[in-house]
Amino acid sequence: MDKKATRLRRARKTRAKLASQDRARLCIHRTPRHIYAQVLSADGTKVIAACSTVQADIKKQVAFGGNKDAARLVGKSIAEQAKNAGIESVAFDRSGFKYHGRVQVLADSARENGLQF
């Protein structure tokens, strides 16, 4: 298996477990240049909050969107948006990405700003 197929296999297994929890889902995606985060409804049909490094307000604050500083800002912003929408607790869907580096920093930043998972 190549890297992408392995990641998608991990994502499929994780999403199967998250579907049984019946909670809103914090779904992330990362590329070498950017990181994206969405809070989806429990049934997965509606995007409640979304944030990424391609948005103008975050792009102004960081020099490069593919580092830990950018992930920290995205985590803070997504937590604030979710809290404003009335979401306090989510299930963390890392989309098959390993829990280290930018993924871990985004999750820690979201936790520090009041999101529980």
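Two strands are taken to pair if DSSP finds at least two bridges between them. The model described here is predicted. By the above criterion, strand 2, spanning residues 35-40, and strand 3 pair in the antiparallel sense, with five bridges between them. Within this pairing, Q38 lies opposite A50 of strand 3.

The pairing of strand 2 and strand 3 belongs to an open sheet of four strands, arranged in the order 3-2-1-4 and mixed in its pairing. Strand 3 (47-52) and strand 4 (90-93) occupy the edges; each has a single partner strand, so one side of each remains without a neighbour in the sheet. From one strand to the next, the twist averages 15°. In general, the strands of a sheet pair through backbone hydrogen bonds, in either a parallel or an antiparallel arrangement.

Strand 1 (24-30) takes part in two of these pairings. With strand 2, strand 1 runs antiparallel and is joined by six bridges. The two strands form a hairpin, with four residues between them. C27 has Q38 of strand 2 as its bridge partner, and Q38 also stands opposite A50 in strand 3. With strand 4, by contrast, strand 1 pairs in the parallel sense over four bridges; here A24 has V90 of strand 4 as its bridge partner. Strand 1 is mostly covered, five of its seven residues being buried.

Two helices were examined in relation to the sheet. Helix 3, formed by residues 68-84, lies across strand 1, strand 2 and strand 3, and runs at about 160° to strand 3. Helix 4, formed by residues 102-112, also packs on the sheet, where it touches strand 1, strand 2 and strand 4. The direction of helix 4 makes about 145° with that of strand 1. Strand 1 and strand 2 are thus named in the contacts of helix 3 and in those of helix 4.

The buried residues of helix 4 are R102, V103, V105, L106, A107, S109 and A110. The elements covering these residues include strand 1, strand 2, helix 3 and strand 4. An α-helix has 3.6 residues a turn, so residues three or four places apart point the same way. Just after helix 4, G114 adopts a positive phi of about 105°.

Technical notes. Residues are numbered from 1 along each chain as its sequence is written. This is a predicted model: local features need pLDDT of at least 70, side-chain atom pairs count only at pLDDT 80 or more; totals for chains, interfaces and linings use all residues. Side-chain values use heavy atoms; hydrogens and water are left out. Axes are lines fitted to C-alpha atoms, for helices over the stretch in contact, and angles run from 0 to 180 degrees between N-to-C directions. Contact means heavy atoms within 4.5 Å. Buried means under 20% relative accessible area, exposed over 50%, partly exposed in between (1.4 Å probe, protein chains only).
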